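Got the model open in your viewer? Let's walk through it one selection at a time.

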Amino acid sequence: MIFKKKLNSERNGIWRELWHKTCSPVFTSHPIWQNVDEFGNAIFTVAAKNYDSLKWYKDGVVVCGNLKSYTFIADSRDDGTEIYCEAIKDCYSVKSNEAILNVSSYIYLLDGKTQYWQLSSPISIFVDDIIEFYFMGYEIHSSSRRFIGSSDFIVSLSSWYKNDIFKIDNLRVLLDEKEITNSFLIPNDNKEHIIKVFATKDFELSTLLASGVNLNSLMNVPIYNFKLFRNGTSVYEINLNNKNQGATQLPTIGSISATLINYTPSIWFEKGYIPPTNHTELMSYRFNGIGGGASFEAITLNGDFELSFKILYQNKAYQTIIGNSINDKYYISLISNMQLRFQQGSEFILIPLSNPLVTGVVYSAVIKRINHLVTVNFSDYSIGERGLIKLEPLIFNTLFNNVYGNNAVGCFYDLILIDDGIEVINSNMSIVTNVFVNSVGSDILIDDYDVINWVIRPEYKSEVDLNGLEGIRQRFERAQSGVNGYNYIVTGDSTRFNGYNMMIDYYKYQFNKINVSIINNSQSGQSASRWLVNLGGSTLDSALLKTPLDGQFTIMEFSFGLNDFSLGFSPIQIKKTITDCISNYLKLKPRAIVYLVSPTPTGNLIRNFDLSVIYNDLSVELGLYLVDSHIPMLDVFYDLDYMQDSTHPNSNGSVRLVNYITNEIISPSLYDDMTIDNKFVAPLPLLSREMAKIVVFGEVNLHTGVYLPTPTSRVMLDIEVEPNFRLNIKSLGDSGSICFYKIDMEFISGVAFNFSELNDIQIPPAAFRASLNISSLGFEYDNLGDAPSVKYIVDPVTPLSMALINKNLEINLDYVD
């Protein structure tokens with residue numbers, strides 16, 4: 001029995017083996033490995049015989065049966081999926097070879113300049129709707145701003161201009177399921193991130209990665225898988241990364257598609273990594289403020305030096321630009337967006353900046369130490385300077401490192417360090433490697449290096465300085481736009497500044513409206529010849545001192561010549577002197593803008609003609625803009641409502657002259673800002689200033705003006721006066737007489753008077769200096785305790801309305817009643 005059972009069992013095995021060989025399912029072809037793009041068709045096929053049915057498996061799970069091919073749309077999650085087929089005959093099955101599906105996922109990298117997604121129809125967003133999309137962390141460059149845009153500006157999630165931080169307004173935003181707020185750093189790590197935006201108000205969405213009526217705020221960061229959820233249900237979905245669909249991405253839910261404006265097929269990148277080397281743009285290393293900075297061989301700076309670089313500014317306190325990793329007594333740090341700290345050994349100074357640095361803006365920075373002065377300049381936008389008590393050596397060996405405060409953040413490039421005129425560092429910092437190549441010395445090692453920190457270089461756009469009238473207007477427009485630090489220097493004589501002239505005061509009143517400071521560099525009696533050699537109070541040196549940096553913030557109005565004639569200079573000499581004045585000024589302040597205002601007409605017709613010719617010639621030969629003061633002033637020359645005398649405008653006349661000058665130099669775009677109003681009109685007489693000097697021993701000869709050191713006499717020497725004014729002098733002295741002199745102290749005339757009576761003394765037309773005899777009984781006078789008074793007699797000026805002040809002039813500045 002046992003033998004029989006064994007025989008039957010062996011026979012069954014043989015039969016089963018024979019059945020398997022002749023009747024079981026057999027695959028004659030197997031599924032093959034597939035490489036497809038996401039959203040493309042993945043097609044797997046088999047060929048088999050002797051089977052009753054087929055089953056397809058995807059990662060071990062049955063997905064379909066009885067088909068010789070299995071087709072599905074590939075998803076990024078299908079990458080690496082195992083596919084096989086099973087053939088079944090009765091109770092017997094055979095498994096095919098496994099095939100692996102490789103799915104390539106793509107994203108479209110917009111150029112940030114002309115490209116954006118335009119929806120086929122606006123999508124109405126309601127409160128509590130949730131907008132969701134994915135994006136690849138990537139550097140933001142060019143004029144890029146918006147993730148989400150709309151035609152009516154109701155947009156709230158954006159990046160700052162040329163920056164890498166979020167700006168969030170009136171929305172709740174999650175980044176990778178974590179809530180974020182304003183100024184949160186946008187990742188640029190080439191990794192996938194998800195954004196969820198919770199709407200807090202109704203608006204319409206018509207574009208992606210753009211905003212504004214002119215669609216001028218574009219972003220280059222790639223986004224995909226756009227969805228809109230309403231009450232927990234997805235109502236709109238667009239992939240935005242279906243390479244096969246190209247420019248127009250069709251919806252997977254809903255009826256709205258998205259078209260890429262200015263589509264270029266070649267800018268599809270495989271998701272996961274966009275290597276910087278794929279770009280032709282210059283690169284820059286972005287410091288994140290967490291890792292280290294950069295190190296180099298120590299450099300000692302003993303004297304003057306200049307450090308220049310470009311920086312994509314990020315607002316963070318206490319950022320060290322350059323320092324020393326061993327000794328914290330040597331560094332330069334931005335301690336805020338409006339202040340820089342300069343430490344040299346035992347001494348440090350804080351340098352305030354004229355304008356706050358703006359996050360996301362690329363600046364061209366220059367920091368200098370020249371003698372005892374440290375100057376800072378960020379793109380002619382924000383400047384500062386401060387003096388040092390002493391000079392000490394500076395020893396630097398680190399960049400952007402936390403020697404003092406925090407590590408620097410942002411992008412830096414084009415670094416140059418000049419020591420006493422010799423370059424010791426020159427690196428454009430653009431080669432993608434772990435060092436900054438220094439063309440004039442040892443290379444600079446990047447600490448805590450990570451290749452992912454290389455980004456497309458943020459673009460620096462320098463605004464070209466214009467010259468002449470366009471340059472003047474350009475600076476006024478910059479000032480009006482909010483850039484601080486611009487000044488306007490008024491250089492001239494008593495036709496610009498004296499006791500009855502309101503020109504300087506009115507300039508200040510008007511230019512304050514456009515954020516420009518007025519600097520008075522005018523003086524009664526001053527001439528071009530004296531200004532040039534620094535005689536007097538308002539001189540070349542004082543103008544240079546009041547001009548910051550190399551003049552890029554300054555406009556100078558120049559008007560000399562009247563007193564040069566009085567000093568005996570010929571027209572040829574005056575022309576050369578004025579040329580020397582301007583060239584010497586511009587030699588030290590080369591970026592200042594000087595323009596000419598011809599001297600006001602006087603009763604001397606020959607002098608008027610000569611000065612007009614001189615100024616017209618200078619305008620042509622020096623290429624300087626010219627305003628002709630004869631145009632506004634000849635029409636009112638003999639009118640006492642406008643003129644103090646035959647040379648000097650009074651308060652009404654000086655306001656008239658300022659209105660004409662500003663009308664000629666102000667941009668039409670600023671007419672609404674520099675308005676003409678009656679608030680400054682109705683000028684009251686200025687308070688007469690006290691001009692008395694200290695009484696000393698001696699006297700002056702009434703007929704020659706010569707000073708005699710007589711011990712028994714008392715005199716007041718070198719009183720500054722203005723031509724054509726009237727003086728009232730009070731004293732307890734016994735010998736009242738006064739001598740008048742020209743600006744160079746050449747004697748003009750003497751006048752005797754009685755202290756005991758009311759005196760009204762007329763100052764001669766050419767007089768700018770005076771000396772006053774007080775007493776011939778000096779010893780007795782000393783016991784009187786006298787305090788002499790020397791003041792002008794000020795006559796009131798009838799105030800005119802602005803319309804009368806500007807009569808017969810074409811003034812385009814807006815009138816405000």
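**Stop one: the edge of a sheet**

Select Ile 238 and look across to β24, where Pro 251 is its bridge partner. Before going on, a word on ground rules: this is a predicted model, where local features need pLDDT of at least 70, side-chain atom pairs count only at pLDDT 80 or more, and totals for chains, interfaces and linings use all residues. Residues are numbered from 1 along each chain as its sequence is written, and side-chain values use heavy atoms, with hydrogens and water left out. Strands (E, at least two residues) and helices (H or I, at least four) are DSSP runs, numbered from the N terminus.

Now show all of β22, residues 233-238: two bridges join it to β24, and the two run antiparallel. Two strands count as paired if DSSP finds at least two bridges between them.

Widen the selection to the whole open sheet, seven strands in the order β18-β17-β19-β13-β21-β22-β24 with antiparallel pairing. Which strands stand at the edges? They are β18 (178-180) and β24 (251-253); each has a single partner strand, so one side of each has no neighbour in the sheet. From one strand to the next, the twist averages 25 degrees.

**Stop two: a parallel pair**

Jump to β2, residues 34-37: Gln 34 and Val 36 make up its covered face, while Asn 35 and Asp 37 are on the uncovered one. In a regular strand, side chains alternate between the two faces of the sheet. Add β10 (residues 99-104), which pairs with β2 in the parallel sense over four bridges. Gln 34 has Leu 101 of β10 standing opposite.

**Stop three: two helices crossing**

Select α3 (503-511) and α10 (651-665), whose axes come within 9 Å and cross at roughly 40 degrees. Axes here are lines fitted to C-alpha atoms, for helices over the stretch in contact, and angles run from 0 to 180 degrees between N-to-C directions. The two helices are therefore oblique to each other (under 35 degrees is roughly parallel, over 145 roughly antiparallel, 65 to 115 roughly perpendicular, and the rest oblique).

Show side chains at the contact (heavy atoms within 4.5 Å): Tyr 506 and Phe 511 are among those from α3, and Leu 657 and Ile 661 among those from α10.

**Last stop: Asp 617**

Find Asp 617 in α8, residues 605-622. Is Asp 617 buried or exposed? At 31% relative accessibility, it counts as partly exposed, between buried (under 20%) and exposed (over 50%), using a 1.4 Å probe and protein chains only. Finish with Lys 575: its C-alpha is 8.6 Å from that of Asp 617, with their positions 42 residues apart along the chain.
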